[in-house]
Amino acid sequence: MSEHRPYTYVTLSLRPDSEPHVGVSFHTPRLKVSAGLLVSTPRPYLEFSSQEANVHISTTGAGPVTDADLNIAREIFNAAARYLADCECLHAEQPAKDATDTAA
């Protein structure tokens, strides 16, 4: 049985004649997720952070909420609900799978 150790993976790709691309993968129970409303310039934000990296999501151009911002917020909500459902399903199946693996 392999040990799954937590980690955060961050990559930066710079290619000639292309925009930079940053990738962040969180694989840690130390991930913190928060959301709120910035008071100084009233706009919503969503933040994912670990000790190694932070990802902040807010409105287009840090301005007023647009129709596109609403669509992205709905996509985030639906994706998070799917992630939760998948995690709950797989977690519920683990005890039965673990018992089967040790019997083999």
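## A walk around the model

Start by selecting R30: with 40% relative accessibility, this residue counts as partly exposed. Keep in mind as you go that you're looking at a predicted model.

Leave R30 showing and add E52. The two side chains meet in a salt bridge, at 3.8 Å from N to O. Now colour the loops: E52 sits in the one between β4 (43-49) and β5 (54-58), while R30 sits in the one between β2 and β3 (32-38), so this pair ties together parts that are 22 residues apart in sequence. E52 is partly exposed too, at 42% relative accessibility. As for the idea behind such a pair, side chains of opposite charge can pair when their charged atoms come close.

Time to zoom out and switch to a cartoon view. You should find one helix and five strands. Follow the chain along its sequence and the order reads β-β-β-β-β-α. The protein has 104 residues, and 12% of them count as buried.

How many salt bridges does the structure hold? There are two, and you've already visited the one between E52 and R30. For the other, select R82 and D86, whose side chains meet at 3.1 Å, N to O. Both residues belong to helix α1, where they are four residues apart, or about one turn of the helix. Try a surface view here: R82 is exposed, with a relative accessible area of 56%, whereas D86 counts as partly exposed at 33%.

Hold on to D86, since it leads to the next stop. Together with H27, T28, P29, Y83, C87, L90, H91 and Q94, D86 lines the largest pocket. About 300 Å³ of space lies in there. Which element gives the most to this lining? That's helix α1 (residues 67-103), with six residues. Colour the lining by class and you'll get four nonpolar, four polar and one charged residues. If you wonder how such spaces are found, rolling a probe the size of a water molecule over the atoms shows where empty space is left.

Last stop: select V10, L12, L14, V22 and V24. They make a nonpolar surface patch of about 470 Å². Two elements, β1 (7-13) and β2 (21-27), each give two or more residues to the patch. Click on V10 to finish: its place is in strand β1, and at 47% relative accessibility V10 counts as partly exposed.

Key. Residues numbered from 1 in each chain as written. Predicted model: local features only at pLDDT ≥ 70, side-chain atom pairs only at ≥ 80, totals over all residues. Heavy atoms only, no water. Patch = residues over 30% accessible without salt bridge, like charges linked within 9 Å, V, L, I, M, F, W, Y side chains within 5 Å. Areas by Shrake-Rupley, 256 points an atom, 1.4 Å probe, with all protein chains shown as cover. Salt bridge = Lys/Arg side-chain N within 4 Å of Asp/Glu carboxyl O. Buried < 20%, exposed > 50% of the residue type's maximum accessible area, 1.4 Å probe, protein only. 1 Å grid on protein atoms, 1.4 Å probe; cavity = no way out; pocket = protein on both sides within 12 Å on 5 of 7 lines; lining within 4 Å. Points joined across faces, edges and corners; volume = space filled by probe spheres on them. Nonpolar A, V, L, I, M, F, W, Y, C, P; charged D, E, K, R; others polar.
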